[in-house]
Amino acid sequence: MTYARKLLAVGSALLLCGTVCACGYEDDNPQAVRVVARAFLDAYAARDAATICRVITPPLATTFAASAGTCEHHIAATFPSRAEAVTFGRLEMSEEHARLYVRGEPIRFIGMIKLASLWRVSESWMLR
Amino acid sequence: MLAPLLGVLVLRAPLINALPNNDTWFYSGYGWALAHHIEIFGWFYYADRFTATLPIALSTGALGPVAGYLVLRCLLLVGTGGVLYICARRFTSRFVAATGVCLLAMNPFYMRLVLWDYTTFIALPCTIAGAAVWYLGTRRTAMLITAIVSGALLGAAIYANPLSGLVLPALFAVETVAACREGRRAVVLLLTRALAALLGALLVFVAGYLGYRAYLGSFPIANMYKATLDFLRSNNQLAAPFQHPPGVWLKTEPRIYGPVLVCVGIVVVLGRSLLQNTPRSRVALFALAYTAVFWLYRFTITSSVIETWWAYSMTAATSAFALPAILDELVGRSRSRERLVLAAALVATGGADLLVRSDHNIALSVFNYLRTHPYPLLLLLIACCSAALASALVRRAGIRITALVAFLALVAVLTLTPAGYVGTGQTGEFSPYGEAEVDGYQAAYDMTRLIASRDRPQSRVLLWDSLYGLAAISWANLPHQDGGIENVEAPIAITQLTPAEIELLLYPTTTRVLVLSQSTTELASTVPSLRRIGLRPRIEVAGAWADGALYYAVIDLGKPK
């Protein structure tokens, strides 16, 4: 057997292993995005500014704190007069970014960033 | 075969050296729970270092964490020693080659960098083996196959730790000069071999990708190098905080002079024969160039490769190739005393290692004195250079051998100096924790597997501990990446909860905590603390690891599902 054939054989074996194995692996990050987005919207419905400030990205929270003394004060001042029932639909995501769209609406979405190992809200029509 | 055992014995080296260091645990964690870590923490540059994580994953999968660790170290140490022996045999006798392998095993820089899970455990042996295999192909036979294998090994070293790339300028500078001196045909041959080496490195990359696919399923191949490229791009930002003024470490870090003195030894002992185009001179020049590249790199690019011991210890590769060349020259001058010279070399290094490592307090006092008194240090360096000079120039064999003993003993002593900067204050930077290291390593594996079995992105299990003592194992779950609730910069006892910790506990995806403590009272105090912030904690699992020295409990926070 020549070296080339040996290398080919080893390569094929590795390729087979790589393809066959790991069938049970499933990425649950999409569920995490949905959990955080739901908590974010539920907090608006419950007028829970602390939870909203907890799940948004730290730079956003700092910006809000700079404008109103604390992040919670800023968020409380922007609560809508009545809560809106929202159902999520399409999810676009990469390793570190996600956009969870409101069902049936191509423009409204909650944008999220994975910071360290937690998904945090970076963008939403609710944040003003 | 027995050289690593000899090294471990004379250095009194703990087989695992993980508890005093944080970074080593990242690679243990990725190796033990690759799919979990990538899903939760993503493609950090730690994950890109597949030539470190995959061997950990494979050896642990086959034999369990501790046995897998030990067998992997045996294979690496014996394999590297074997290849170095074959390389040295190209230009010297089997006794000199075997002595060279033993001296490498007795080098604390080398043993320390292999005996943990930080990337250097692959990077350093692969650098030495890669260069050794390269030099096996400088004869007409097997030129291409040795180049491919060498490229694969050097590639493995560079994938494990990009700093290992410093071997390339050293190796290829020496080889280019040698080829230019031989003529056009040699230059073409060198280019062909360099391309073959590149092919070897690519093959390792493909094998690594397929290995990761076996654990993760399909993923973009760019994930395997993107974070490393970002890491290299931000080199200045990352390296700058570790930089220390040369004026300080030149005076206070005697350990940095070990490889420099070996380089002095090469020049002094080999003299003009260094300029010949022989296998020995090429190997010796490579050894010289390798340490020189480190110093050049330190002063031309923002880096801390000399003052940080875990980076600078890579220069063990210099001693690996230099000492057989030096001994070959000295033995050649008095062939009748070959065994005496070699025995003297072994006794000098082994004796110095044993002496320093056995009487820790006296050694530390001497090292502290040297660190705070630059002139005695300077005198010691001059004495060492003089010994090298005497071993090369004096005609009387007795004096020459005595000078060699002094030279090697002084190099060994200096190499064992504890690092003053980001060090643990231990000779050779070996762990002071003894057998607790083995228990800690097993506990870290058990902890990682427990977390991996319950921790999901939408229902996280976060660690809660003080990061001190045995709880340092929690670095395997990346507490600095929200793998834990504690502030890694200023961890506090778990009897209290800081506002930042409460924020993480109340985060929507946090459903459980894994508490680690060496005290059951402290562990029990966590439940009332959680109740005080409005949670309804319920202990799911509790027990002890590390032979009963570390208690743990998985606590469900009782949040509505």
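In the predicted model, B:Ala348 counts as buried, because its relative accessibility is 6%, below the 20% limit that defines a buried residue. This residue lies in helix H20 of chain B, which covers residues 338–358. Beyond its neighbours within four places in sequence, B:Ala348 is in contact with B:Val405, B:Leu408 and B:Ala409. The C-alpha atoms of B:Ala348 and B:Val405 are separated by 5.1 Å, although the two residues stand 57 residues apart along the chain.

A second buried element of chain B is strand S4, formed by residues 550–556; six of its seven residues are buried, so the strand is largely enclosed by the rest of the structure. S4(B) pairs with strand S2 (residues 510–517) of chain B through six bridges, and these two strands run antiparallel. Within this pairing, B:Leu514 has B:Val554 of S4(B) as its bridge partner. S4(B) also pairs with strand S3 (residues 538–545) of chain B, again in the antiparallel sense, over seven bridges. Here B:Gly543 is matched with B:Tyr552 of S4(B). S3(B) and S4(B) form a hairpin with four residues between them, and B:Ala546 in the turn has a positive phi of about 55°.

The interface between the chains was examined next. The contact draws 29 residues from chain B and 29 residues from chain A. About 2,500 Å² of area is buried between chain B and chain A, and carbon and sulfur atoms give 60% of this area. Two salt bridges are counted between chain B and chain A. A salt bridge joins the side chains of A:Arg54 and B:Glu503, with an N to O distance of 3.1 Å. In addition, eleven residue pairs are found in polar contact across the interface of chain B and chain A.

On the side of chain B that touches chain A, at least two residues each are supplied by helix H3 (34–41), helix H12 (184–216) and helix H25 (499–505) of chain B. H12(B) gives the most to this side, with seven residues. By residue class, the side of chain B that touches chain A comprises 16 nonpolar, seven polar and six charged residues.

Of these helices, H3(B) is mostly covered, with seven of its eight residues buried. The buried residues of H3(B) are B:Leu34, B:His36, B:His37, B:Ile38, B:Glu39, B:Ile40 and B:Phe41. Just after H3(B), B:Gly42 adopts a positive phi of about 85°.

Note on methods:
Residues numbered from 1 in each chain as written. Chains lettered and ligands numbered in written order. Predicted model: local features only at pLDDT ≥ 70, side-chain atom pairs only at ≥ 80, totals over all residues. Heavy atoms only, no water. Contact = heavy atoms within 4.5 Å. Buried area = accessible area lost by both parts, 1.4 Å probe. Salt bridge = Lys/Arg side-chain N within 4 Å of Asp/Glu carboxyl O. Polar contact = N/O pair within 3.5 Å; in protein donor to acceptor, adjacent residues only side chain to side chain. Nonpolar A, V, L, I, M, F, W, Y, C, P; charged D, E, K, R; others polar. Buried < 20%, exposed > 50% of the residue type's maximum accessible area, 1.4 Å probe, protein only. Pairing = 2+ DSSP bridges.
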